[in-house]
Amino acid sequence: MILKEKLETSIPVWRERVNALLRQHGDIVVDEITISQVYGGMRDVKSLVTDISYVDPEEGLRLRSYTIPEVLNRLPKPPKAENPLVGGLYYLLLTGEFPSLEEALQVEDEWRQREVVPEYVFDVLNSMPEYTSPMTMFTQAILAMQGESIFLRKYDEGMRKDQYWIPMLEDSINLFAKLPSIASFIYHLKNKHISKAVADNSLDLAGRFGQMMEVDKKGFADLMRLYMIIHSDHESGNVSAHTTHLVASALSDIYYATSAAMTGLAGPLHGRANQDTLNWIYKLYDKYQGIPDKEELRKFAWETIKSGKVIPGYGHGVLRKTDPRFSVLMEFGDKYIVDDDLYKLVQMIFEIVPDVLKEYGKVKDPWPNVDAISSTILRYYGLNDCHSGSGCGFYTVLFGVSRILGVSANVIWARALGQPIERPKSLTTQMLENIANNIHQQIEKFE
Ligand code: AMX
């Protein structure tokens with residue numbers, strides 16, 4: 001397999017590089033931590049490492065050091081497509097190099113050969129109550145396949161540590177290959193369709209996914225290529241990436257690790273924000289029975305804030321400027337979306353909400369993140385979902401499919417570099433109070 005061959009060459013070089021860094025500079029201090037950070041979700045504490053992606057507060061995401069526009073320009077595209085092959089993106093995430101078209105197609109081929117989902121997964125999904133959320137179904141489907149783990153089998157047979165990454169790679173490719181079929185099955189089940197779609201095997205993964213979803217609008221496969229690429233990774237500290245790393249650090253396999261990650265992605269402050277954004281837009285539209293004027297929109301935003309809620313799709317733990325993933329989706333929308341009231345609202349919200357959040361004062365990042373726009377575009381392309389209630393929320397499943405690309409690439413590398421079990425230290429409040437008092441006494445002594 002091409003990815004295994006490439007990694008077999010680069011892993012020894014990286015092992016030597018990391019070992020040398022640890023040997024020579026292991027005691028160098030990287031960061032300090034304050035009491036606010038200990039209590040405040042470890043925001044900004046530099047304590048994780050990944051070479052796969054980086055989020056700069058001002059510039060946003062870089063994948064393997066390349067900006068989103070660079071990635072979209074340089075990855076190979078299938079014939080007549082606007083956006084690149086997702087197989088090429090996975091090659092880039094894992095190897096750090098841009099693939100040729102031939103190499104990207106080889107990754108796509110691996111997925112094609114492994115895409116058949118075991119029948120018991122559909123039985124599990126079919127047996128769940130109607131009100132089960134799509135994200136719960138998606139998580140259960142992944143967990144249900146855990147018994148397929150090659151890593152676990154090889155581990156039980158007594159595999160050497162330096163070989164751990166190989167079955168992790170196999171498991172990751174096996175898992176991702178099945179996700180489009182699982183996601184489309186959940187979509188049709190939720191929407192009570194009986195799908196008769198048979199995907200054309202000559203197409204790439206995104207093209208086949210478009211057919212499985214039975215979305216008629218031209219351009220959906222291209223949207224999916226763009227969507228999967230920009231949602232794939234966002235460095236290591238976000239909830240889904242960090243959960244994957246944490247769970248996998250106990251040598252749990254990819255099925256355990258990514259199903260856990262999906263339960264975090266399902267939260268409103270993380271991946272469910274895309275669903276919540278669309279619901280917020282629907283409420284706004286319903287309240288004013290159409291597109292409101294700017295003053296009405298401002299008022300609606302303030303009502304949300306004053307009722308103690310967040311405005312979904314705005315703000316970020318790291319970013320301090322408009323998310324470039326939002327910007328590329330807006331470029332796509334501006335080009336292809338014609339005469340759609342909800343999309344017009346996304347544009348208006350972008351004009352009004354940052355000023356409202358600046359005026360509110362406490363939000364560190366008043367700008368839109370990717371979730372401020374993605375679901376409105378998906379809805380325009382014909383992906384229907386109910387607005388509220390526990391059985392709704394399919395859009396986050398698409399985020400989940402995409403995110404598994406990035407987090408799986410990260411855990412393959414974590415295994416290759418022998419990263420240990422994660423185990424930060426906790427303190428009691430009394431200990432923190434003692435630390436604070438000691439520092440104050442020392443300051444007083446000096447004064
Ligand atoms: N609307 C209203 N208030 C907001 C806000 C928003 N969009 N974003 C942040 N705030 C509030 C916070 O709730 C916090 O209030 P508090 O002091 O009363 O608790 C205060 O502003 C400071 O928060 P922050 O330091 O700016 O943000 P954070 O790092 O704690 O949280 C995030 C980041 C994304 C969770 C937050 O901005 C938010 O809830 N946004 C809306 C939900 C959303 O879009 N999530 C998706 C993020 C991207 C992703 O993971 N998919």
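## A short tour, from helix H20 to the ligand

Start by selecting Ile443, which sits in helix H20 (residues 429–446); helices here are DSSP runs of H or I with at least four residues, numbered from the N terminus. This is a predicted model, where local features need pLDDT of at least 70, side-chain atom pairs count only at pLDDT 80 or more, and totals for chains, interfaces and linings use all residues. Residues are numbered from 1 along each chain as its sequence is written, and side-chain values use heavy atoms, with hydrogens and water left out.

Is Ile443 buried or exposed? Ile443 counts as partly exposed because its relative accessibility is 40% (buried is under 20%, exposed over 50%, partly exposed in between, with a 1.4 Å probe and protein chains only).

Next, select Gly87 in helix H4 (residues 86–95). Gly87 has 0% relative accessibility and so counts as buried. Add His234: its C-alpha atom is 18 Å from that of Gly87, with the two positions 147 residues apart along the chain.

Now move to the ligand and show the 20 residues around it (each has a heavy atom within 4 Å). His270, Tyr314, Lys362, Lys364 and Asp371 come nearest.

Finally, look for polar contacts, meaning pairs of N or O atoms within 3.5 Å:

- Arg43: a polar side-chain atom lies 3.0 Å from a ligand oxygen.
- Gly313: a polar backbone atom is 2.8 Å from an oxygen of the ligand.
- Tyr314: a backbone N or O atom lies 2.8 Å from a ligand nitrogen.

Key:
Helices (H or I, at least four residues) and strands (E, at least two) are DSSP runs, numbered from the N terminus. A polar contact is a pair of N or O atoms within 3.5 Å; within protein, one must be able to donate a hydrogen and the other to accept it, and residues adjacent in sequence count only if both atoms are side-chain atoms.
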